[in-house]
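Student: I should like a close look at one part of this model, set against the chain as a whole. Please begin with the surface and then turn to the part itself.

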Amino acid sequence: EVGANEEAVQVLEEGIRLNPDSGAARMTLAQLLMNRGEPSRAAQFFLEAAQLAPDEHELLFAVGAAYVQSQDKKSAQHYLSRYLASPRDGRKVQRSNKAVAEILLENLSVNT
């Protein structure tokens, strides 16, 4: 908000270095990178956060959406499909971005 994006990135990267299990720091950094127009880097941090918090199903959507913005269609399709698929363990998940994910996948299929 105050234009200190570079400093925020540095602080978050240092926080992740000091606390490698911090999914929250990775999500915040990924969101900041998205805002800065760096979706490829953001996708990587969203993916790391998803691996640290496998029950946070919405992170799969964030990974897929970041890949859409970075124009990595294959990765975008993979993670958006995983987001829409039923979890392997059979648990029920709420998909608040289901309609958006379906539209993104449809557009990716049409444009490939």
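What does the accessible surface of the protein chain come to, and what share of it belongs to carbon and sulfur atoms? Within the chain, which residues of α6 are buried, and which exposed residues does the face turned away from them carry?

Tutor: The model is predicted, and its accessible surface comes to about 7,000 Å², with 49% belonging to carbon and sulfur atoms. Beneath that surface, buried residues account for 35% of the 112 residues in the chain. The fold has 6 helices and 0 strands, so that, by the assignment of helices and strands as DSSP runs, the sequence reads α-α-α-α-α-α. Along the principal axes, the C-alpha atoms fill a box of roughly 40 × 30 × 20 Å. The radius of gyration is 15 Å, which agrees with the value near 13 Å for a compact globule of 112 residues. Of the contacts between residues at least 6 apart in sequence, 45% join residues at least 24 apart.

Helix α6 spans residues 98–110, 13 residues in total, and its first and last C-alpha atoms lie 18 Å apart, close to the 18 Å expected at 1.5 Å a residue. Its buried residues are A101, L105 and L108. Viewed down the axis of α6, the buried residues fall within an arc of 60°, so they line one face of the helix. The general geometry helps here: an α-helix has 3.6 residues a turn, so residues three or four places apart point the same way. On the face of α6 turned away from the buried side are the exposed residues I103, E106 and V110. The cover over the buried residues of α6 includes α4 (58–69) and α5 (73–84).

The polar pairing elsewhere in the chain completes the setting. A search of the whole structure finds 7 salt bridges. One of them joins R41 to E13, with 2.6 Å between the closest N and O atoms. This pair links distant parts of the chain, with R41 in helix α3 (residues 39–52) and E13 in helix α1 (residues 5–18), 28 residues apart. R41 counts as partly exposed because its relative accessibility is 32%, and E13 is also partly exposed, at a relative accessible area of 33%. R41 has another salt bridge, to E38, at 3.1 Å from N to O.

A further salt bridge brings the argument back towards α6: the side chains of D55 and R91 meet at 3.9 Å, N to O. Here too distant parts of the chain are linked, since D55 lies in the loop between α3 and α4 and R91 in the loop between α5 and α6, 36 residues apart. Salt bridges that share partners join E6, E13, R36, E38 and R41 into one network. As for the two loop residues, D55 counts as exposed at 59% relative accessibility, because exposed means over 50%. R91, with a relative accessible area of 28%, is partly exposed.

Terms used
Residues are numbered from 1 along each chain as its sequence is written. This is a predicted model: local features need pLDDT of at least 70, side-chain atom pairs count only at pLDDT 80 or more; totals for chains, interfaces and linings use all residues. Side-chain values use heavy atoms; hydrogens and water are left out. Helices (H or I, at least four residues) and strands (E, at least two) are DSSP runs, numbered from the N terminus. The expected span of a helix is 1.5 Å times one less than its number of residues. Buried means under 20% relative accessible area, exposed over 50%, partly exposed in between (1.4 Å probe, protein chains only). The arc is that of the directions from the helix axis to the C-beta atoms. Contact means heavy atoms within 4.5 Å. The radius of gyration is taken over C-alpha atoms; the globule rule is 2.2 Å times the number of residues to the power 0.38. Accessible areas come from the Shrake-Rupley method with a 1.4 Å probe; for residues, only the protein chains shown count as cover. A salt bridge is a side-chain nitrogen of Lys or Arg within 4 Å of a carboxyl oxygen of Asp or Glu.
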